[in-house]
Amino acid sequence: MTIQAKINQRKGSFWDFENISKDMLHRIATYPATMVPDMQREIISIVIEEDSSIKNIMDPFHGSGVTMVEGKKLGLFPIGIDINPLANIITKVKLQGVDKEKVYSHNVLIENKLMDESFDYNIHSFYKINKWFKPEIIESLSKIHDAIIEVDDKLIREYYWVCLVNIVRKYSNTRSSTFKLHIKPKEVIDTIQDNVITDFIKSINSHYKFLPNFKTNQEEFTLISGDVKEKLKVVAKNSVDLICTSPPYGDNATTVTYGQYSMLPIFWIDKKDLIEFDEKLIENYSSLDSASLGGVKSQKIFEYQSKVLDEYLLKIAHDKHRKVIGFLNDYLETLELMMDTLRSGKYLVLTLGNRRVDNKIMPLTEITEEFLEGRGVKLISRFDRNISKKRIPRKVSRVNDIAVESMSKEYILIFQK
């Protein structure tokens, strides 16, 4: 049975996955617009049933590592790339796990420190910290920060930092209704109670149970930190069996602000425990999004002829062209580099959304199909699904001070090289 036939077997609302399985591994640290684990597992399973020779899986925009984790569970060697330091530490901890005997004993030690009123710690500081956290919250988070730094086991420290991510977001002054940093109303901030240390202790004592048990001296994954266009060039050509990813649907600043969402947790994590990255990425609250795909507006003329794009550009204001062209230049260059790494006869699975620019839907799926088929890559399956409202904010941006509805559908395209 072909891949398309197996996709068609799953009828009705199957692909919507409205009732997502409660896999707590993926809930250790929240992250914007994550892939649905159940869906990724189902798609990967269908592809490897079709081709049992597939041995590895790559996600060049791995985010919180859902695809890599699910691929590894199915016996594939995962390879991931992401520019976001927070995404990399979350994914690393999910994949490597912890030594569960060690973490239990370390939890007792750090809890004793945090409950000890005589424990000496420094008050942490970064740009505009007092805007985003109340003074008593800064004190509690600072105590946790210094207690983690004193842990001598790097894997345990990494686990603790990931456990801190949700705590930082929960007790910050930023709204939870958007991925962007927007201050809560003062009356809401005034109601925030300092249960930071209690919540952190609960987190470290529960989350490790859902992680894999760390196995020493065993390379079980590859994580690459940095700009996808540069880092794909270090992946050997014709070395990947399955690419399964969800690229950005547009520049981060006006679609999903992964960088803004990540910056507050990043500023609380000790840099030495993050996978090496360019510190210019965290110079300010928007620098990470600006450095991501399409973040720098292109001055170049579009590099390939596209009837679909030409028709779309006629529908939107001229001053929006650079935004669209800048993103597509980066996106299609990345697609080409991805295809260089893929073995002949192997598979590319893309989960895409068609965003709005100038309140006109940008046909990213059609442009993708046109681009890849023009390079001899065959589309073997295409289907859509309804996006759960729980995965993305209901409103994602504003145009002329009017909130724009977020996307309600996403599209899964499966290609064979």
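Me: K6 is my starting point: does K6 count as buried or exposed?

Reply: Hello! K6 counts as buried, because its relative accessibility is 11%. The cut-offs are simple: buried means under 20% relative accessible area, exposed means over 50%, and partly exposed is in between (1.4 Å probe, protein chains only). Before we go on, note that this is a predicted model, with residues numbered from 1 along each chain as its sequence is written. Local features need pLDDT of at least 70, side-chain atom pairs count only at pLDDT 80 or more, and totals for chains, interfaces and linings use all residues, while side-chain values use heavy atoms and leave out hydrogens and water.

Me: Where is K6 found, and which residues does K6 touch?

Reply: K6 is found in helix α1, residues 3-9. Helices (H or I, at least four residues) and strands (E, at least two) are DSSP runs, numbered from the N terminus. Contact means heavy atoms within 4.5 Å. Leaving aside residues up to four places away in sequence, K6 touches M1, I46, E49 and E50.

Me: How do I read burial along a whole helix, say α2?

Reply: Count its buried residues. Helix α2 is mostly covered, with ten of its 14 residues buried: P37, D38, M39, Q40, I43, I44, S45, I46, V47 and I48. So I46, one of the residues that K6 touches, is itself among the buried ones. For the protein chain, buried residues make up 57% of the 417 residues.

Me: What span should α2 have at 1.5 Å a residue?

Reply: The expected span is 1.5 Å times one less than the number of residues. For α2 (residues 37-50), that gives 20 Å, and the end C-alpha atoms are 20 Å apart, which agrees.

Me: How do I read the packing of α5 and α8?

Reply: Compare their axes, which are lines fitted to C-alpha atoms over the stretch in contact, with angles from 0 to 180 degrees between N-to-C directions. Helix α5 (residues 100-115) packs on helix α8 (residues 154-171) at about 65°, and the axes are 11 Å apart. The two are therefore roughly perpendicular (65 to 115 degrees; under 35 is roughly parallel, over 145 roughly antiparallel, the rest oblique).

Me: Which residues of α5 and α8 meet?

Reply: From α5 come K102, V103, H106, N107 and I110, and from α8 come I156, Y159 and Y160. By class, that contact has five nonpolar, two polar and one charged residues (Ala, Val, Leu, Ile, Met, Phe, Trp, Tyr, Cys and Pro are nonpolar; Asp, Glu, Lys and Arg charged; the others, Gly among them, polar). As for the spacing, an α-helix has 3.6 residues a turn, so residues three or four places apart point the same way.

Me: Where does H26 lie, and how far is it from K94 in sequence and in space?

Reply: H26 lies in the loop between α1 and α2. H26 is 68 residues from K94 in sequence, yet 7.9 Å in space, C-alpha to C-alpha. H26 is buried, because its relative accessible area is 13%. Beyond residues up to four places away, H26 touches P37, V66, V69, E70 and K94.

Me: What is the sign of phi in D358 and N359?

Reply: D358 has a positive phi near 55°, and N359 has a positive one of about 60°, though neither is a glycine. D358 sits in the loop between β6 (356-357) and β7 (360-361), as does N359. D358 is partly exposed at 27%, and N359 is partly exposed at 47%.
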